[in-house]
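Q: Could you show me how to read the pockets of a protein model, step by step?

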Amino acid sequence: FNLALFFLIADRDIQAVKIDALTHPDPWKRSLCARIILLTIHELDMDKVAGGKLRAALANAGVSEEARRQATQALRSIRNAQQKAQKQFAFLRNATIAHRDPDALLQYRSINQIDGMGVLRIASEFYDGTRMFLDVLPSLVLQVGTLPGLLNQLRARSSKNAEKQNV
């Protein structure tokens with residue numbers, strides 16, 4: 001549930017500014033909205049919520065191989081979009097929204113020359129991955145929340161605690 005809410009919050013943040021990033025009559029506001037989208041995608045720390053702990057939890061709960069494969073594919077797609085954003089727009093993120101370059105003229109030029117459509121293409125790839133994940137999420141929740149799934153998780157936790165006590 002935490003993972004789902006994590007993605008939904010990022011999704012909602014991007015939704016709140018994407019129309020303005022495309023259509024707002026003020027170019028400065030369009031640029032700001034595009035930069036907010038970049039920052040949101042760039043700063044989404046996937047490993048905090050979807051790293052090894054998630055894989056272990058899904059395996060411990062006995063989630064089907066197919067559902068785990070779909071979740072992994074979706075998360076890989078999200079990470080790929082994020083890596084593209086980080087690679088293509090790292091300078092723009094650092095100079096204009098995350099850290100602000102001390103060279104104000106450079107900052108101003110960068111803001112005025114932002115490739116809004118490029119940002120939205122990457123946001124679209126991010127959305128594709130997020131959508132894939134949210135499509136598989138109900139299956140994950142149903143499998144984790146079954147009695148066998150809950151018992152498997154409890155067994156895994158008990159085994160882990162026993163290992164810690166033996167060390």
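The dialogue below turns to two pockets and then to one residue.

A: This is a predicted model, in which local features need pLDDT of at least 70 and side-chain atom pairs count only at pLDDT 80 or more, while totals for chains, interfaces and linings use all residues. Residues are numbered from 1 along each chain as its sequence is written, and side-chain values use heavy atoms, with hydrogens and water left out.

Q: How much space lies in the largest pocket, and which residues are the closest to its centre?

A: Rolling a probe the size of a water molecule over the atoms shows where empty space is left. A pocket is an open set of points on a 1 Å grid over the protein atoms alone, where a 1.4 Å probe fits, with protein on both sides within 12 Å along at least five of seven lines; lining residues have an atom within 4 Å of a point. Here the largest pocket holds about 460 Å³ (the space filled by probe spheres set on the points, which are joined across faces, edges and corners). Its lining has 19 residues, of which Phe1, Leu54, Ala57, Leu58 and Val144 are the closest to the centre.

Q: Which helix gives the largest share of that lining?

A: Helices are DSSP runs (H or I, at least four residues), numbered from the N terminus. The largest share, five residues, comes from H7.

Q: What lines the second largest pocket?

A: That pocket, with a volume of about 270 Å³, is lined by Lys53, Ala56, Ala57, Asn60, Gln153, Ala156, Arg157 and Lys160.

Q: Is Thr130 buried or exposed?

A: Thr130, in helix H7, counts as buried (under 20% relative accessible area, 1.4 Å probe, protein chains only) because its relative accessibility is 2%.

Note on methods. Helix = DSSP H or I, 4+ residues; strand = E, 2+ residues; numbered from the N terminus. Buried < 20%, exposed > 50% of the residue type's maximum accessible area, 1.4 Å probe, protein only.
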